[in-house]
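Thank you all for coming; today I would like to walk you slowly through one structure, and I will try to keep each step plain enough to follow on the screen. Please have the picture in front of you while I talk.

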Amino acid sequence: MKQLYSLFFMLFILFQSSAQTSPSVSKYDLKKKRLLIQACSMYLYNSNQGAIDVDSSVVLACKAYKLPVSLAYDESFNNGSVLIGSDLIEKGNINSVHRLLTKSINEDQIKLRLQLGNFYLFKPGTKREDLQNAFVYIKDAIDISNQLNIKKWQHQSLLLLGKYYFQAGNLPESKKCFLQVSNECRKEKDQLGLADALDVYGTFLSNLDPEKEKILEEAISLYASLGMEEKRIENYMKITTIYFWTGKVNEAKKRLYQNLVDLRKIGFKHEQFDETTISYIELNQYNMKNALYYALKSVKRMESEKDYTLADVFYIRLGNVYNVIGYNETALDLYKKSIEFGQKGLNSGHWYRSFLSAVSALSIKGKNKEAINYINSMTVNYPPKNAFDKMMLAYTKANCYAALKNYNLAEKNFKEIDIYSAQLITPETVKEVISCYTSAAYFYATIHQAKKAQSYADKATALSKKYKTQSNKDNLEIALFLIDSLNGNYRSSIVHFQNFKKISDSIHGTSKNKQIEELKIEYETKNKEQKIKLLNDQSILQKSELQKSKLLNNLSIWSLILLLITVGLLYNRYRLKQRNHAKLELKEKEIKQKNTNLRHLLDEKEWLLKEIHHRVKNNLQTVISLLNSQSAYLDNDMALSAIKNSQHRIHSMSLIHQKLYNSENISTINMPNYIKELVEYLKESFSLGQRIRFEVKIDPLELDVAQAVPLGLILNEAITNSIKYAFPEDRTGMIYVTLEKISENKYLLTISDNGIGIDADFSSKKINSFGMSLIKGLSDDLDAKFSMENNNGTILKIEFSQEFPINQKSRTI
């Protein structure tokens, strides 16, 4: 029975997941998928007016269309073929990527480091540790690409470094990196490399920078000559954004219409981001027919593809159009839809504006008390999270309280607006800030506080001049008219009133009113047609329902018969399963008992091994103590030195058994910890102070006991020799100990000093000849290559494999 339910459940999940994937996206090639991410993220960033950062908008776009985030950044080295480590990075499994990194070579090393640099650099938000991690990987990629002398990777690494400096706020260094790549590509006549460099450079410049448009125009020209239409369109969109935010709205609108044509030519179906932006511009210019047409088009496109991931974005735009043309109830329904989809689905940052727009729709209908109650009920569960939403909430509440003539609460909210607006004066939010200041000026003028009203009017006027915008100009003129009237400046007030009338007539003139009336008639006609169609559909539906009910009755009878047969068969299977289950339980108990016995034996074995190591360590310590006691009765310096050397050798072995006893792993030794402790012991034994200092660099390495013991003895002998003979007459100096991986399973131990050096022909040397013989003998035991040279001091090298041939033989026996 459980298997049957599982099958149905899996089929249901499979159906759901396939339904959620947009067919149009799955048909796109890699270029169009990247264009989709850029188009969607640009729209989300601009429509949120800086409330979210660029990286967060990219992540949202990728979530919306179930695409990997890496596609937005790996264009230079991901051509659609298998890219090493990309799947692990997408899952955030960075530890596995590090393991993969140690095995990779040459270009794969560079690609992995560039991917890791992108991963940390373009995480949403800006964290210092992410930037630091990104810088490490980028610098490594630069170093390796320089070693390999491959121009492509040198350029890609430098471009990523430029992006890093931009994120870190070091704009001069960022610009320097981008220009270096651009200039080199020009010299080499590398058109694609130059186009990519200009694309990156232009993208990371401010929309207010006059150089940005020139750089992107050159990139567009290069991409067009190379036949890379998706990249040409992407950069074309970026210039459209510049025009939008720098006040060239008509130019931006022309480009948006042209962009729709270009997108259709390449078979790009996601035109709704252009359509909803056109609707926004046309609405602000009071071109109602176009505004409604494109708002409806974007919603219909979304509903036909059943892609509701960004539904809140498109419903709010359509709601705004209906609100302006007077269909406040319809607008309110659309705002509520936007809120519902925004709360349930992907939070694109728009649903909160839908909530505020819904309040405005209620206020326009004169339902200000209901609007205030709605605000209070919503903000209890969903308080505003950023400065922009806080400002707009205060603005909405202030206007509602002003309409209710509750001036104290209205003023309180206008003061709150002042706090948040000061944080939000940017090209993306200046229109809303001007609207808030204008509304505050009008409010104070209506309650006869001319001084405060003038203060807010001056702020609005200054921002309008600075950012060259006519936003809310009609309301500002009527506010100035009231202020001048209060101050007795009647001539000036008449001028402001005349300006108000001119602007009002241009916006709400006869042709505009006619447009709105035509739209209203068209809307009402469509509503009636839809109602008639709905009645006809209902009668057809009733007839089909009768036929279905008869068919269902017949099906029910046969289904009941089949169900009884199925139940009988399932019961029979259930009884068989019970018998088999009972047998399996008996076998399982036997296996569990055996496993328990084996576990006990294994625990006892591990305990015994630990106890052996403990006792060996104790015995070795006892030998050291005995030698120490014996040395108290000796006067011969050579004998004392021999005993001291023996103590050091025994301690190096004792330390290994101590490590094994204290470690969870009873078969291998952690070499960095062991060598550092051994060096510290020798340093303290000889009471060196700061006369001789040590530099220890050990790669992470775990070695078998059989290898660790001879290595420890070699280290003991070599370091002791350096301490005793390298620095005579109390000279100062350095002793260097390194253990590094030089190839797969090959390691090099180096002990060197900057002392007086030793004759390389150490067989003729009498001093410490036993120690040298011991080192040679231990090297032979390790099957290692032993060498010694004199280069500004003595350098002793032991090259060995990680495993003994003896061990390998024993494993095969």
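**From the core to the surface**

Let me begin with the inside, where the largest nonpolar core is made of 135 residues, and where the residues with the most contacts inside that core are Tyr65, Phe273, Leu310 and Met391. If you ask which helix gives the most to this core, the one to look for is helix α23, residues 430-446, which supplies 10 residues. There is also a second core, separate from that one, with 41 residues, including Ile669, Tyr747, Met772 and Leu796. As a general background for newcomers, nonpolar side chains in soluble globular proteins tend to be buried together. I should say early on that what we are looking at is a predicted model, so please keep that in mind for everything that follows.

While we are still with Tyr65, let me point to Asp307, because with 10% relative accessibility it falls under the 20% limit and counts as buried. Asp307 sits in the loop between α16 (288-305) and α17 (311-324). Its C-alpha atom is separated by 8.9 Å from that of Tyr65, although the two residues are 242 residues apart along the chain.

Now to the charged pairs. Side chains of opposite charge can pair when their charged atoms come close. How many salt bridges does the model have? The count comes to 20 salt bridges, and I will go through a few of them.

Take Lys151, which meets Glu184 in a salt bridge, with 3.7 Å from N to O. This pair links distant parts of the chain, since Lys151 belongs to helix α9 (residues 151-167) and Glu184 to helix α10 (residues 171-188), 33 residues apart. Lys151 also forms a salt bridge with Glu188, where the closest N and O atoms are 3.9 Å apart. Here again helix α9 is linked with helix α10, and Lys151 and Glu188 are 37 residues apart. Are these side chains buried, exposed or something in between? Lys151, at 39% relative accessibility, is partly exposed, Glu184 is partly exposed at 21%, and Glu188 is partly exposed at 39%.

Another pair is Asp418 with Lys459, whose closest N and O atoms are 3.1 Å apart. Asp418 lies in helix α22 (residues 407-421) and Lys459 in helix α24 (residues 450-466), so this salt bridge ties together parts that are 41 residues apart in sequence. Both partners are partly exposed, Asp418 with a relative accessible area of 24% and Lys459 with one of 29%. Elsewhere, salt bridges that share partners join Asp199, Lys231, Glu234 and Lys238 into one network.

Let us move on to helix α27, which covers residues 510-631 and holds Arg575. Arg575 gathers with Arg579, Lys583 and Lys587 in a surface patch of positive charge, and Arg575 itself is partly exposed, with a relative accessible area of 37%. Ile561 lies in helix α27 too, and belongs to a patch of another kind: together with Ile557, Trp558, Leu562, Ile565 and Leu569, Ile561 forms a nonpolar patch on the surface, with about 660 Å² of accessible area together. Why does Ile561 count as partly exposed? Its relative accessible area is 38%, and partly exposed is the class between 20% and 50%, which is why Ile561 belongs there.

Finally, I would like to show you two loop residues for their backbone angles. Lys405 has a positive phi of about 60°, although Lys405 is not a glycine. Lys405 is found in the loop between α21 (387-403) and α22, and is exposed, with a relative accessible area of 63%. Asp783 likewise is a residue other than glycine with a positive phi, in this case near 55°. Asp783 is placed in the loop between α31 (769-781) and β6 (785-790), and is exposed at 53% relative accessible area.

How values were computed: Residues numbered from 1 in each chain as written. Predicted model: local features only at pLDDT ≥ 70, side-chain atom pairs only at ≥ 80, totals over all residues. Heavy atoms only, no water. Core = buried A, V, L, I, M, F, W, Y, C linked by side-chain atoms within 4.5 Å. Buried < 20%, exposed > 50% of the residue type's maximum accessible area, 1.4 Å probe, protein only. Helix = DSSP H or I, 4+ residues; strand = E, 2+ residues; numbered from the N terminus. Patch = residues over 30% accessible without salt bridge, like charges linked within 9 Å, V, L, I, M, F, W, Y side chains within 5 Å. Areas by Shrake-Rupley, 256 points an atom, 1.4 Å probe, with all protein chains shown as cover. Salt bridge = Lys/Arg side-chain N within 4 Å of Asp/Glu carboxyl O. Lys, Arg positive; Asp, Glu negative; His and termini not counted. Charge placed at Lys NZ, Arg CZ, Asp CG, Glu CD.
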